[in-house]
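Hi,

Here is the structure I promised to pass on. Have a look first, and my notes follow below.

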Amino acid sequence: MSTEGATAMQHTSARTGTRPGNRHDSRAPGRAPSRRGAEHGAEHGPGASVGSRSRLPRYWFAERLLSVLSGHRPVHWMLGHTIGHAYEQLVRLAPGAPLSMNGLRPVLRHCDEYVPQPGVIEAFARITAGERVRAMAFRLEQGTDLRWRCAAVELGGERLMAET
């Protein structure tokens, strides 16, 4: 074995900046590999990792609402993550599973947001199952404890807010 081969097989300290010979990427241990376009703020899209987008409040809530409204999770999963009448409305809607689609599990394809004022996010999501596409919109409000909570939900034009 050549000296280069023996050196490549040795594991060195993370502080030295070198990597083990079996690693072909330049990232430090414990860090995710960088994605093309990440430096340009592309947190969603074909190249974005699901892990990075799930840290965004709009994606986190969209996934949770989708699970509840498709019948895959119980409504109480949203307890503490809703404010006002939003939870009560979910209690009424969930048994009908309005986002279940002919036995296919719906998938969150895209979610974007509009910020009308600080502490408020109005988000909209595209949900697919097979060839069918559904729309979901929801409003998030940030409390004094800096936690986001869902305040309203709409599906495909049907307003699902509590009656006044």
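Let me start with a question: leaving aside its neighbours within four places in sequence, which residues is Leu 108 in contact with? The list runs Arg 53, Tyr 59, Ala 62, Glu 63, Leu 66, Ala 125, Arg 126 and Ile 127. Leu 108 itself lies in strand E1 and counts as buried, at 4% relative accessibility. Its C-alpha atom is separated by 9.9 Å from that of Met 136, which is 28 residues away along the chain.

Before going further, please keep in mind that this is a predicted model. The mean pLDDT of the protein is 76, with 64% of residues reaching 70 or more. Among the elements, E1 has the highest mean pLDDT, 96, and strand E5 (residues 158–159) the lowest, 48. Two stretches need caution. Over residues 6–15 the pLDDT stays under 50, and the model has 13 contacts beyond four places in sequence for them. The pLDDT is also below 50 over residues 34–48, a stretch with 14 contacts beyond near neighbours in sequence. Where pLDDT is low, the predicted coordinates should not be read in detail.

**Overall layout**

The protein has four helices and five strands, and along the sequence they follow the pattern α-α-α-α-β-β-β-β-β. Of its 164 residues, 29% are buried. Taking contacts with a separation of 6 or more, 41% are between residues 24 or more positions apart.

**Helix H3**

H3 covers residues 57–69. At 1.5 Å a residue, its 13 residues should span 18 Å, and the end C-alpha atoms are indeed 18 Å apart. Ten of those 13 residues are buried, so H3 is largely enclosed by the rest of the structure. The buried ones are Arg 58, Tyr 59, Phe 61, Ala 62, Arg 64, Leu 65, Leu 66, Ser 67, Val 68 and Leu 69. Note that two arginines and a serine are on that list: Arg 58, Arg 64 and Ser 67. Just after the helix, Gly 71 takes a positive phi of about 85°.

**The core**

In soluble globular proteins, nonpolar side chains tend to be buried together. Here, the largest nonpolar core holds 28 residues, and the members that touch the most others are Leu 65, Leu 69, Leu 108, Cys 111, Met 136 and Phe 138. The elements giving two or more residues to this core are H3, H4, E1, E2, E3 and E4. H3 gives the most, with seven residues.

Phe 138 is a good place to zoom in. Leaving aside neighbours within four places in sequence, Phe 138 is in contact with Arg 58, Phe 61, Ala 62 and Leu 65, and also with Cys 111, Ile 121, Glu 122, Ala 123, Cys 150, Ala 152 and Val 153.

Two cysteines appear in that list. Cys 111 is buried, with a relative accessible area of 0%, and Cys 150 counts as buried too, at 0% relative accessibility. As for disulfides, a search of the whole structure finds zero.

**Strand pairing**

E2 (residues 120–129) and E3 (residues 132–142) run antiparallel and are joined by ten bridges. Across this pair, Glu 122 stands opposite Arg 139 in E3. The hairpin of E2 and E3 has two residues between the strands, and Gly 130 there takes a positive phi near 65°.

E3 also runs antiparallel to E4 (residues 148–155), with seven bridges joining them. One of the paired positions is Gln 142, whose bridge partner in E4 is Trp 148. The hairpin of E3 and E4 has five residues between the strands.

**Two backbone oddities**

What sign does phi take at Leu 146, positive or negative? Phi is near 70°, a positive value in a residue other than glycine. Leu 146 sits in the loop between E3 and E4 and is exposed, with a relative accessible area of 61%.

Ala 97 also has a positive phi, about 40°, although it is not a glycine. Ala 97 is found in the loop between helix H4 (86–93) and strand E1 (107–117). At 14% relative accessibility, Ala 97 counts as buried, the cut-off being under 20%.

Happy to go through any of this with you.

Best wishes

Note on methods:
Residues numbered from 1 in each chain as written. Predicted model: local features only at pLDDT ≥ 70, side-chain atom pairs only at ≥ 80, totals over all residues. Heavy atoms only, no water. Expected span 1.5 Å × (residues − 1). Buried < 20%, exposed > 50% of the residue type's maximum accessible area, 1.4 Å probe, protein only. Pairing = 2+ DSSP bridges. pLDDT = per-residue confidence, 0-100. Contact = heavy atoms within 4.5 Å. Disulfide = S-S within 2.5 Å. Core = buried A, V, L, I, M, F, W, Y, C linked by side-chain atoms within 4.5 Å.
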